Amino acid sequence: MKAFKSLESAAAPFLPPNIDTDQILPARFLHKPRSGGFGQYLFHDLRFDVNGAERPEFALNQPHHRDARVVVANVNFGCGSSRENAVWALHDYGFEVVIAPSFGDIFHTNCVKNGLLPIRLPEAVVADLFARISETPDLVIRVDLEAQTVTLPDGSTHAFEIDPFAKYCLINGFDELDYTLSHRDEIAAFENRYGREND
Amino acid sequence: MTAAAARTMFEKIWSRHRILERPDGQTLLYIDRHLIHDGYAPAFEFLTARGLKPHSPSQTFATPDHYVPTNTREASEIPDAERRYMVESLAQYTSDFGVQMFGLKDQRHGIVHVVGPEQGISQPGMILVCADSHTSTHGAVGALAFGLGMTEANHILATQTLWQRMPKTMRITVDGRLAAGVCAKDIILAIIGRIGTAGATGHVIEYAGSAITGLTMEGRLTVCNMSIEAGARAGMIAPDETTFSYLAGRPYAPKGEEWDRALARWRKLPTDLEASFDSEISLDSSEIAPMVTWGTSPQDVAPIDGAIPDPEEAPSPERRESMERALKYMDLKPGDRLDSVAVDRVFIGSCTNGRIEDLRSAAAVAAGRKVHENVRGWVVPGSGLVKAQAEAEGLDVVFKQAGFEWREAGCSMCLGTNGETVGEFERCASTSNRNFVGRQGRNARTHLLSPQMAAAAAVTGHLTDVRKMLPGE
């Protein structure tokens, strides 16, 4: 997993609430091999019309948002299906941070496991972000994971919470599986006593 | 017992599976059962690349469901090479690693969330997981069952454990008698309509109350299945005599003395009387009518005898906007009667409603009637055993005589990963679980409803109040 410490980037806004993972990555691309990358399928049916032409009104087809590395989304982003391919699609497209007031639980976990930093900010702050991006489409957002802050060009700063272990994994590009495998003996001891205890 | 010592069923299961805690407060949980499907090729590729093997193959059970065709049992006939690889690689990897596989030609094959309970693999008190969000289904037997992503699935294959932060608990109590024509699907749709698609985010739901305990096991599976559509991590129902008699004698259920010991343990699982939940919600089931969705989220739901809601009456500008967007996609007008909406397709099946009782209730409506000439109706059993049982009861004949297509088991048109989709701008009455934009196919329009409501829509050609078609009505 790639390490993440901080970045400065333009943001792409996705306004509707409850954007589900079927919209982020439509089911008909789920069987595509991971090696081919999923960025090309990201938001496919919102991004392209039935003839494959870009829909100009969609954020990712607008010049200031095309190369954005920060997603700004609304409540319950990534709800629905557990498909990790939705996170792969965001990651492979080039996104490194997703800011929203709330996330689907499984999507949130999938983000962390793939080096995509999910940031929860209050609804009012996200609404303000949408307004600012609408006014200044190339608004540059600075995200500092070490300091747990999101900073806007006018210097206004918003702190965010993150699970300390998730933070450690993201900053160090650390794979959780290695950590668990270092606890092999405790797992074996548990398995040994499990089911034999006096229920 | 003091209130402090009283525990919910969720807490009892959680604490029995706790291996260790991490400094950040996450718990390493032991996983009893890992169900896997034909989306797992990336997980096995990951394991192989890391030089790892499944830690507990005997606790892992596989069946291909997402990519299998439902018109044939020959994987070699899957025309698309990448989809065929998903199905065939599952057979190869499970054979290499000694994992029990219910393959396409095995009658025990089916949708993973139908197969687990049917085989007695899903049992009370267990933690059961699968890289599929509808894993919440298995909570109906009194288990803690939840979906996860593929990286977490890798972790479980490699260690049989998973890191989790303890979720919050929510109890949803549904009391009262269900009216005729109202079933488990209507209960869960009414719940989602009430609390919303994010209403239970971060929570494990325990369903309780006389309307829940009065459900059969299959009805309970339907309710728990859609917990995720309310945002919940999991849904569960306390095991009782209904659960035990359902599980007794199933192939993977404990036998003999082991059964007696298990039963004694399972009887201690229900939530203690004085235990408290982080939140409580209650519904009166006598007020629940047959439900149908009108929008693009399962929370966009209304009683069939109602009208399509007006965004102008939405409680907030944001809600108004999303209602307008949903109605535009669905090509519906506010104020129109829901039972006037004509459909092109009917899909009866899925992990929500692909079990024998679902097929029986749909067949009871279809019997002696004909599928409307403008409608193409599909019945896709949830497993090979459900299909066999239905055929033994003659339900296949009922469906075929009515003009339905009678197909093989699989996820099929619920999400169309196997290529079986609803056409562009077609409208489908579906017993599945999600009416998201594009869920059943690009620009496809989905109305979620119960199996008997789906059968009613098939024969009339439009969304229909099934209560008007039941005997004695």
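I looked up Ala11(A) to begin with: its bridge partner in β2(A) is Val70(A). Ala11(A) belongs to a pairing of β1 (residues 6-14) with β2 (residues 70-73) of chain A, which run parallel and are joined by four bridges. I count two strands as paired if DSSP finds at least two bridges between them. My helices (H or I, at least four residues) and strands (E, at least two) are DSSP runs, numbered from the N terminus.

A note on the source: this is a predicted model, where local features need pLDDT of at least 70, side-chain atom pairs count only at pLDDT 80 or more, and totals for chains, interfaces and linings use all residues. Residues are numbered from 1 along each chain as its sequence is written, while chains are lettered from A and ligands numbered from 1 in the order in which they are written.

**Sheet in chain A**

I traced the strand order next. Seven strands make an open sheet, β4-β3-β2-β1-β5-β6-β7 (chain A), with mixed pairing. β4 (117-120) and β7 (157-159) of chain A are the edges; each has a single partner strand, so one side of each lacks a neighbour in the sheet. Neighbouring strands are turned by 30° against each other on average, direction ignored. I then checked what lies across these strands. Helix α5 (residues 123-135) of chain A crosses β1, β2, β3 (97-100) and β7 of chain A, at about 115° to β2(A). Axes here are lines fitted to C-alpha atoms, for helices over the stretch in contact, and angles run from 0 to 180 degrees between N-to-C directions.

**Contact between the chains**

I listed both sides. Chain B gives 48 residues and chain A gives 43 residues. Contact means C-beta atoms, placed from the backbone, within 7 Å. On the side of chain B that touches chain A, β1 (18-21), β2 (27-30), α3 (81-97), α5 (150-159), β8 (161-164) and α11 (317-330) of chain B each supply at least two residues. Which element gives the most to that side? I found α5(B), with seven residues. That side of chain B divides into 16 nonpolar, 19 polar and 13 charged residues. My classes are: Ala, Val, Leu, Ile, Met, Phe, Trp, Tyr, Cys and Pro nonpolar; Asp, Glu, Lys and Arg charged; the others, Gly among them, polar.

**Helix pairs in chain B**

I stayed with α5(B). Helix α2 (residues 41-50) of chain B packs with α5(B) at about 50°, their axes 9 Å apart. That makes α2(B) oblique to α5(B). My angle classes are under 35 degrees roughly parallel, over 145 roughly antiparallel, 65 to 115 roughly perpendicular, and the rest oblique. The crossing is right-handed. A crossing is left-handed if the near helix is turned anticlockwise from the far one by less than a right angle, and right-handed if clockwise. Pro42(B), Ala43(B), Phe46(B) and Leu47(B) of α2(B) meet Met150(B), Ala153(B), Asn154(B), Leu157(B) and Ala158(B) of α5(B). The split is eight nonpolar, one polar and no charged.

I then took α13 (residues 356-366) and α15 (residues 395-402) of chain B. Their axes come within 9 Å and cross at roughly 45°. α13(B) and α15(B) are therefore oblique to each other. This crossing is left-handed. Leu359(B), Arg360(B), Ala363(B) and Ala366(B) of α13(B) meet Leu395(B), Val398(B), Phe399(B) and Ala402(B) of α15(B). I noted seven nonpolar, no polar and one charged residue in this contact.

**Sheet and buried helix in chain B**

I traced a second open sheet: five strands, β17-β16-β15-β18-β19 (chain B), paired in parallel. Its edges are β17 (405-406) and β19 (445-448) of chain B. I followed Phe347(B) in particular. It stands opposite Trp378(B) in β16(B), and its bridge partner in β18(B) is Ser430(B). Arg345(B) and Phe347(B) point one way from β15(B), Val346(B) and Ile348(B) the other way, and all are buried. Buried means 20 or more other C-beta atoms within 10 Å of the residue's own, exposed 12 or fewer, partly exposed in between, with C-beta atoms placed from the backbone.

How many residues of helix α16 (residues 451-460) of chain B are buried? I found ten of the ten, so α16(B) is largely enclosed by the rest of the structure. Its cover includes β13 (291-293), α12 (350-353) and α13 of chain B. Just after α16(B), Gly461(B) takes a positive phi of about 90°.

Conventions:
Two residues are in contact if their C-beta atoms, placed from the backbone, lie within 7 Å.
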